Amino acid sequence: PVLGIAEEGRVIEDFEGTASWTIKSAEALNLSVAEESGETKKGKASGKLDVNFAAAVSGAVNFAMPANSGEVPGISLWVRGDGGRCQLQFSLVTEDGGVFSLVKTIDDPEWTLLELPAREFVFNAFSGAPEDAARSLVPGSVKEFRISSYKGLESDTDRHSLFLDEIAILP
């Protein structure tokens, strides 16, 4: 299969049905379903991610892996920026509480396919993971995909609105 094309049963979130995400600190980061014309990449809806880099706390949106997702060689997602420049932290959370992260800059106002191979994620020692959590990512142990914002990330303004669509497990 072509990279970036979600295989059947490997879509984590397409924003078309029941929400599969949870939010930590809506003051810093909030996700809602957008159905405005021109704001979707695939289907009738996308996710609108509002980020507040001036918030006193960090924020995160957590997406649960589909049941029986098996090995997670990485994540793909469509993203469209608002024309500004900001960084987001993407993380894979394992069954034992380990957090493996990477930071990407989002600055393109056009829809762009981000492919995040698992081999590029590194153990996040500041994540609050249990001391006995594995320090090496085991692709079959991923239970959650997370998008985070916090003050230490670069941004050209305090607030950004980004759009997300078809978050999937890489083939």
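Contact here means heavy atoms within 4.5 Å. The model described below is predicted, and the account moves from the overall fold to the interior, and then to the charged pairs.

The secondary structure of the chain consists of zero helices and 12 strands, so that the order along the sequence reads β-β-β-β-β-β-β-β-β-β-β-β. Residues that lie 24 or more positions apart supply 77% of the contacts in the chain with a separation of 6 or more. Of the 171 residues, 46% count as buried. The chain exposes about 8,300 Å², and carbon and sulfur atoms provide 48% of that area.

The interior is considered next. In soluble globular proteins, nonpolar side chains tend to be buried together. In this model the largest nonpolar core has 36 residues. The members with the most contacts inside that core are L49, F63, I75, L77, L88, F90 and F145. F145 illustrates how such a residue is surrounded: leaving aside residues up to four places away in sequence, F145 touches V61, N62, F63, M65, I75, L77, F90, S91, L92, L116 and I167. Several of these partners recur in the list of core residues with the most contacts, among them F63, I75, L77 and F90.

The aromatic side chains give a second view of the interior. A pair of aromatic rings is described by the distance of the centres and the angle of the planes. The structure holds five aromatic pairs. In one of them, F90 and F145 are stacked, with 6.1 Å from centre to centre and 10° between the planes. This pair links distant parts of the chain, since F90 belongs to strand 7 (residues 86–94) and F145 to strand 11 (residues 142–149), 55 residues apart. Both F90 and F145 are buried. The pair of F100 and F123 has another geometry: the ring centres are 5.5 Å apart and the planes stand at 70°, so this pair is edge-to-face. Because F100 lies in strand 8 (residues 99–106) and F123 in strand 10 (residues 122–123), the pair ties together parts that are 23 residues apart in sequence. F100 is buried, with a relative accessible area of 2%, whereas F123, at 23%, counts as partly exposed. Ring pairs also link F15, W21, F63, F90 and F145 into a cluster.

F15, a member of this cluster, lies in the loop between strand 1 (11–13) and strand 2 (21–24). At 2% relative accessibility, F15 counts as buried. Its backbone also deserves attention. Most residues other than glycine have a negative phi, and most peptide bonds are trans. The phi of F15 is near 65°, a positive value in a residue other than glycine.

Strand 12 brings together further features. F163 lies in this strand and is buried, with a relative accessible area of 7%. Leaving aside residues up to four places away in sequence, F163 touches A34, E36, E39, S46, G47, K48, W78, V79, R80 and W111. With W111, the separation is 52 residues in sequence and 8.5 Å in space, C-alpha to C-alpha. W78, another of the residues that F163 touches, has K41 over the face of its ring, at 4.5 Å from the ring centre.

E166 is also placed in strand 12. E166 has a positive phi of about 35° although it is not a glycine. With a relative accessible area of 15%, E166 is buried, because the limit for that class is under 20%.

The charged pairs complete the picture. Side chains of opposite charge can pair when their charged atoms come close. The structure holds two salt bridges. In one, K42 is joined to E166, and the closest N and O atoms are 3.3 Å apart. K42 lies in the loop between strand 3 (29–34) and strand 4 (46–52), while E166 lies in strand 12 (residues 159–169), so the pair ties together parts that are 124 residues apart in sequence. K42 counts as partly exposed, at 30% relative accessibility, and its partner E166 counts as buried, at 15%. The other salt bridge joins E144 to R146, with the closest N and O atoms 3.2 Å apart. At 17% relative accessibility, E144 counts as buried.

Notes. Residues are numbered from 1 along each chain as its sequence is written. This is a predicted model: local features need pLDDT of at least 70, side-chain atom pairs count only at pLDDT 80 or more; totals for chains, interfaces and linings use all residues. Side-chain values use heavy atoms; hydrogens and water are left out. A salt bridge is a side-chain nitrogen of Lys or Arg within 4 Å of a carboxyl oxygen of Asp or Glu. Helices (H or I, at least four residues) and strands (E, at least two) are DSSP runs, numbered from the N terminus. Buried means under 20% relative accessible area, exposed over 50%, partly exposed in between (1.4 Å probe, protein chains only). A nonpolar core is a set of buried Ala, Val, Leu, Ile, Met, Phe, Trp, Tyr and Cys residues joined through side-chain atoms within 4.5 Å. Accessible areas come from the Shrake-Rupley method with a 1.4 Å probe; for residues, only the protein chains shown count as cover. Rings of Phe, Tyr and Trp (its six-membered ring) pair if their centres lie within 6.5 Å; planes under 30 degrees apart count as stacked, over 60 as edge-to-face and the rest as tilted. A charge sits over a ring if NZ of Lys or CZ of Arg is within 6 Å of the ring centre and within 35 degrees of the ring normal.
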